[in-house]
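Dear colleague,

Please find the structure below. My notes on what was found in it follow.

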Amino acid sequence: MTGFILLGLTNDPVLRIILFMIILCIYLVTICGNLSTIILIRISSQLHHPMYFFLSHLAIADVGYSSSVTPNMLVNFLVEKNTISYPGCAIQLGSAVFFGSTECILLSAMAYDRFIAICSPLLYSTKMSTQICVQLFIVAYIGGFFDASSFTISFYFLLFCGPNRVNHFFCDFTPLVELSCSDISIPAVVTSFTAGSIIVVTAVVIAVSYIYILITILKMHSTEGCHKAFSTCTSHLIAVTLFYGTITFIYVMPKSSYSTDQNKVVSVFYMVVIPMLNPLIYSLRNNEIKGALKRAWQKNTFLVKSVVL
């Protein structure tokens with residue numbers, strides 16, 4: 001088999017055009033929002049802290065995650081039959097898994113950062129030094145690469161000798177396994193183990209971090225201190241809830257409890273919509289980012305006026 005046909009979200013021509021316009025707008029907002037976040041953190045000295053370095057890498061992961069599937073999905077809306085080559089399917093699967101796994105690990109690193117900042121503020125500069133942050137970045141990208149490699153290698157171990165119509169808008173592993181005519185036990189176990197390990201370990205790190213954060217906050221006597229501690233965690237909690245909630249629906253719930261169409265809708269949400277929401281969540285609920293954005297805007301306005309005058 002030299003390639004696959006992606007069936008996409010719908011066959012209705014009118015609905016395809018509507019979805020094309022909606023998802024194109026979402027994708028453009030995703031790219032602009034995340035790139036703006038990355039640039040703002042790089043140019044604002046007030047944001048040169050570990051939390052914002054993690055946020056900038058989360059924005060990079062969001063851009064890569066969305067870009068791994070969205071452009072091809074947009075093409076699918078405009079053509080009668082969307083064909084993707086065998087190597088192209090492997091690349092799309094591997095890139096989606098890589099950025100998704102990297103995002104999981106980065107979210108857990110951000111939870112650990114908040115745990116140190118709230119529970120051990122006096123040791124924050126030591127426990128979250130530049131060297132430790134770099135090590136966490138390396139772990140995130142190595143973990144993503146390891147998970148993506150397991151999926152890609154498992155994909156190449158699958159044999160396809162029958163239908164090549166993938167009932168999805170991208171090369172997801174589950175619908176590909178359903179098309180395989182070979183023994184899928186080993187590829188299924190390998191991918192479940194690697195992906196499950198990353199999801200479980202990162203979820204445990206996030207849960208333990210926030211349990212200690214909650215205990216520390218409840219021990220605070222100052223209302224202002226409690227409010228400040230909660231405000232620094234709210235954005236991250238919203239992002240974690242959205243991301244892990246949809247992943248749980250796709251990969252943890254029994255397959256018999258939902259249809260393929262529901263699977264597609266949830267996949268659109270966590271692969272297309274969430275990467276757009278993350279920069280909005282962090283910028284709208286973070287006073288330091290809003291302040292840095294305001295200063296950058298005022299500085300650019302002043303420069304423009306100086307040039308004009």
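Residues 90-112 are 100% helix and 0% strand, and the C-alpha atoms at the two ends of this span lie 33 Å apart. Helices (H or I, at least four residues) and strands (E, at least two) are DSSP runs, numbered from the N terminus. This is a predicted model, in which local features need pLDDT of at least 70 and side-chain atom pairs count only at pLDDT 80 or more, while totals for chains, interfaces and linings use all residues. Residues are numbered from 1 along each chain as its sequence is written, and side-chain values use heavy atoms, with hydrogens and water left out.

A disulfide is a covalent bond between the sulfur atoms of two cysteines. Here it is taken as a pair of cysteine sulfur atoms within 2.5 Å, and the count comes to two disulfides.

One disulfide joins C89 to C171, with an S to S distance of 2.1 Å. C89 lies in helix α4 (residues 86-119) and C171 in the loop between β3 (165-166) and α7 (173-179), so this pair ties together parts that are 82 residues apart in sequence. Both C89 and C171 are buried (under 20% relative accessible area, with exposed over 50% and partly exposed in between; 1.4 Å probe, protein chains only).

Another disulfide joins C161 to C181, at 2.0 Å from S to S. C161 is exposed, at 59% relative accessibility, whereas C181 is partly exposed, at 41%.

The sulfur of C119 is 8.8 Å from the closest cysteine sulfur, in C233, and this is too far for a bond.

Yours sincerely
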